[in-house]
Amino acid sequence: MEKNKFRDIHKLPDEKGLIIFGLSMSKLGNRQNAKNCMEDIKKLATDKVKKPLIGLNFIYGDFLYLYSDRPAPELKHSFMNQVIDHRNSLQRIIEKNCTTFQIQHGFNYMVWNQLYVGTTDFNRLFDKIKKLYKEDLKFQKYIEEDCEAFGREVKDNQVNFFLEEVLMMYLISKNQIKLPNEYVENQQKWILWCYPGKPLKSEVYIQQLNPFNLNWPENPYQNCQYDLDAKVLIDFNKVDLETYRV
């Protein structure tokens, strides 16, 4: 199995599934603005969808960014406006293109803190991930390399940001978090996480390690992320972390 070599998806499964678009607050005004998101969706839908059985959830990472030294009211006001404006822009485009997007209720919008109530034991699992980070030198190394790749200092807030992000993506890919979507109605047989760019080293490491021994064999993408920029499916099992670059 050749390492760090990835290919595009030919066709998505012909069973009910969910595509997840993770939205970074820092990218809502540029790479992940509403127009670019819809172009990404059109490319996926045109080339890869066999049957109209797929829902799409946009998940805003707003609450993650509270790992900050900035005042909470200032962040709350800023993120609230960004999310509302972005969501409304997306919805206008979807409604305007109703011929292309005929299943309008297949689109769902979520903010980060909704994910907490989608699972029953997030605090316990987050504590376990933090404990793993303190004890696992490789995990520490990959977090440090992720910080370096994005020009961040290895401080508590940044480390917790990455740890929570990595944990949530891991749980979602294993179907451990309830994701509301009126069209799919929790009947999904697969979930595919999509993002414009490569996954973090720490994310790949956790997926490879599988610290909670989670498995969802129905989902062919449980150990994958789709890179919307490179248009390749990154299979974590094929990643050599010592030579992989974010």
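# A tour of helix crossings, pockets and one cavity

Start with α1 and α2: their crossing is right-handed (a crossing counts as right-handed if the near helix is turned clockwise from the far one by less than a right angle, and left-handed if anticlockwise). Before going on, note that this is a predicted model, where local features need pLDDT of at least 70, side-chain atom pairs count only at pLDDT 80 or more, and totals for chains, interfaces and linings use all residues. Residues are numbered from 1 along each chain as its sequence is written, and side-chain values use heavy atoms, with hydrogens and water left out.

**Stop 1: α1 on α2**

Select 34-48 for α1 and 72-96 for α2. Helices here are DSSP runs of H or I with at least four residues, strands are runs of E with at least two, and both are numbered from the N terminus. The two helix axes come within 9 Å and cross at roughly 45 degrees (axes are lines fitted to C-alpha atoms, for helices over the stretch in contact, with angles from 0 to 180 degrees between N-to-C directions). α1 and α2 are therefore oblique to each other; the scheme calls angles under 35 degrees roughly parallel, over 145 roughly antiparallel, 65 to 115 roughly perpendicular and the rest oblique.

Now show side chains. On the α1 side pick Ala 34, Lys 35, Cys 37 and Met 38, which meet His 86, Ser 89, Leu 90, Ile 93 and Ile 94 of α2 (contact means heavy atoms within 4.5 Å). Colour that contact by class and you get 6 nonpolar, 2 polar and 1 charged. For the classes, Ala, Val, Leu, Ile, Met, Phe, Trp, Tyr, Cys and Pro count as nonpolar, Asp, Glu, Lys and Arg as charged, and the others, Gly among them, as polar.

**Stop 2: the second largest pocket**

Keep α1 on screen. Which element gives the largest share of the lining of the second largest pocket? That's α1, with 5 residues. β2 (54-60) also supplies at least two. To centre the view, select Ala 45, Val 49, Ile 54, Thr 100 and Phe 101, which lie nearest the pocket's centre among its 19 lining residues. The pocket holds about 440 Å³ of space, and its lining has 12 nonpolar, 5 polar and 2 charged residues.

If you want to reproduce this, the search uses a 1 Å grid over the protein atoms alone: a pocket is an open set of points with protein on both sides within 12 Å along at least five of seven lines, a cavity is a set where a 1.4 Å probe fits but cannot get out, and lining residues have an atom within 4 Å of a point. Points are joined across faces, edges and corners, and a volume is the space filled by probe spheres set on them.

**Stop 3: α6 and its partners**

Jump to α6 (156-173) and add α4 (122-135). Their axes come within 10 Å and cross at roughly 120 degrees, and the helices are therefore oblique to each other. The crossing of α4 and α6 is right-handed. Among the residues in contact are Phe 122, Phe 126 and Tyr 133 from α4, and Leu 163, Leu 167 and Leu 171 from α6. By class, this contact has 10 nonpolar, 1 polar and 2 charged residues.

Swap α4 for α5 (137-149), which packs on α6 at about 105 degrees with the axes 11 Å apart. α5 and α6 are therefore roughly perpendicular to each other. Here Phe 139, Ile 143, Asp 146 and Cys 147 of α5 meet Gln 158, Val 159, Phe 162 and Leu 163 of α6.

**Stop 4: the largest pocket**

Leave α6 showing, as it gives the largest share of the lining of the largest pocket, 7 residues. About 870 Å³ of space lies in this pocket. Of its 38 lining residues, the closest to the centre are Tyr 65, Arg 152, Gln 158, Phe 161 and Phe 162. The class split is 18 nonpolar, 10 polar and 10 charged.

**Stop 5: the cavity**

Last selection: Met 169, Ser 173, Ile 191, Leu 192, Trp 193, Glu 203, Gln 207, Tyr 221, Cys 224, Gln 225 and Phe 236, which line the largest cavity. The structure holds 1 cavity of 30 Å³ or more, and about 60 Å³ of space lies in the largest. β4 gives the most to its lining, with 3 residues. The lining divides into 7 nonpolar, 3 polar and 1 charged.
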